[in-house]
Every structure is written in structure tokens, then in C-alpha cells.
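Here is a quick tour of one protein chain. Have the sequence and the 3D view open as you read.

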Amino acid sequence: AVVSTQSTGRELGEPAVFKVDDKETLLREKKQRQEEIARKEKEKAEKAAAREKAAREKLEKGKLSPQDMFRTELYSAWDDQGLPTHNAKGAEVTQSQMKKLKKLQAAQEKLHKQYLQHISDLEI
């Protein structure tokens, strides 16, 4: 038999709790604690990697200038801010479409500013 101490949940000044177990039980418990610690560290690393990947993707999206984001084959004419005025077939963009496009462009403007700030921070 092997004697072990348990200190979990103890307050300062309280006596230690001793338990008598066989060696195999203690080794199994130790292995379980180590596996639990390893699992938590792995989860923590995976979460950090996911956050890093999301941040990189966000920066990547910010590379595109809001003035250029709609300059695709879907549209044939644009205003001075880069918003499309006519679709690829030459029909004028509707007001509801224009409202959606302005909202998308505003979101891209924010991402682009963050990207430019990040780039300037790296250069300093």
C-alpha cells in the first residue's frame, strides 16, 4: 500500500487528507491527471491557432481597397467612389442593390483601414 496526500480544495491551515491506495491506482490516477492536462493544453493551442487563422483571414480580406472591390465582371460602370452604377448587362443598379453595396463597401472600408494600420505598425 502507498500513502498519498490530497490537497485539492484545502484551505490554508487545514490538515492534509491522506489516503491509502495500491500503487496501480495511484499510477492510474497520475496518468489520468497528466492526460487531462495534455488535453487542456491541446485545446488551448487549437483555440489560439483558430484565433490566429481568423485574424490572418480578416487581414487578408482587408487588402482589397473598397474602391476596387466591385470592379468585377458583374458590373460595367462605377461611380467615383467605386460603387457600381450599371450591371454587366448595362442595366442600372437598383436602389435596394445600391444600399446593400454601400453597406458592403463600408464594411470593407473598416477592414481596409485595419489592414493599413497593421501594415504601418509592422513598418515602425
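What follows covers the overall layout and then three residues.

## The overall layout

Bear in mind that this is a predicted model. The chain has four strands and two helices, and reading from the N terminus they come in the order β-β-α-β-β-α.

How much of the chain is buried? Of its 124 residues, 16% fall in that class. The exposed surface comes to about 10300 Å², with 54% of that supplied by carbon and sulfur atoms. As for long-range contacts, take the pairs at least 6 residues apart in sequence: 32% of those contacts join residues at least 24 apart.

## Val93, in the loop before α2

Let's start with Val93, which sits in the loop linking β4 (84-87) to α2 (95-123). Despite the loop address, Val93 has a relative accessible area of 11%, so it counts as buried, the cut-off being under 20%.

What does Val93 contact, once neighbours within four places in sequence are set aside? The list is Tyr75, Pro84, Thr85, His86, Asn87, Met98 and Leu101. Tyr75 is 18 residues from Val93 along the chain, and the C-alpha atoms of the two are separated by 9.0 Å.

## Pro66, in the loop after α1

Next up is Pro66, another loop residue, found between α1 (23-62) and β3 (75-78). Is Pro66 buried or exposed? It is buried, at a relative accessible area of 1%.

Skipping residues up to four places away in sequence, Pro66 touches Gln81, Gln105, Gln108, Glu109 and His112. For a distance to check in the viewer, try Leu83: Pro66 and Leu83 are 17 residues apart in sequence, and their C-alpha atoms are 8.8 Å apart in space.

## His112, on helix α2

The contact list of Pro66 includes His112, so let's look from the other side. His112 belongs to helix α2. With a relative accessible area of 14%, His112 is buried too, because that value is under 20%.

Which residues does His112 touch, not counting those up to four places away in sequence? They are Gly62, Lys63, Leu64, Ser65 and Pro66. Gly62 is the residue at which α1 (23-62) ends, and Pro66 lies in the loop between α1 and β3. So from either end you can trace the link: Pro66 has His112 among its contacts, and His112 has Pro66 among its own.

Terms used. Residues are numbered from 1 along each chain as its sequence is written. This is a predicted model: local features need pLDDT of at least 70, side-chain atom pairs count only at pLDDT 80 or more; totals for chains, interfaces and linings use all residues. Side-chain values use heavy atoms; hydrogens and water are left out. Buried means under 20% relative accessible area, exposed over 50%, partly exposed in between (1.4 Å probe, protein chains only). Contact means heavy atoms within 4.5 Å. Accessible areas come from the Shrake-Rupley method with a 1.4 Å probe; for residues, only the protein chains shown count as cover.
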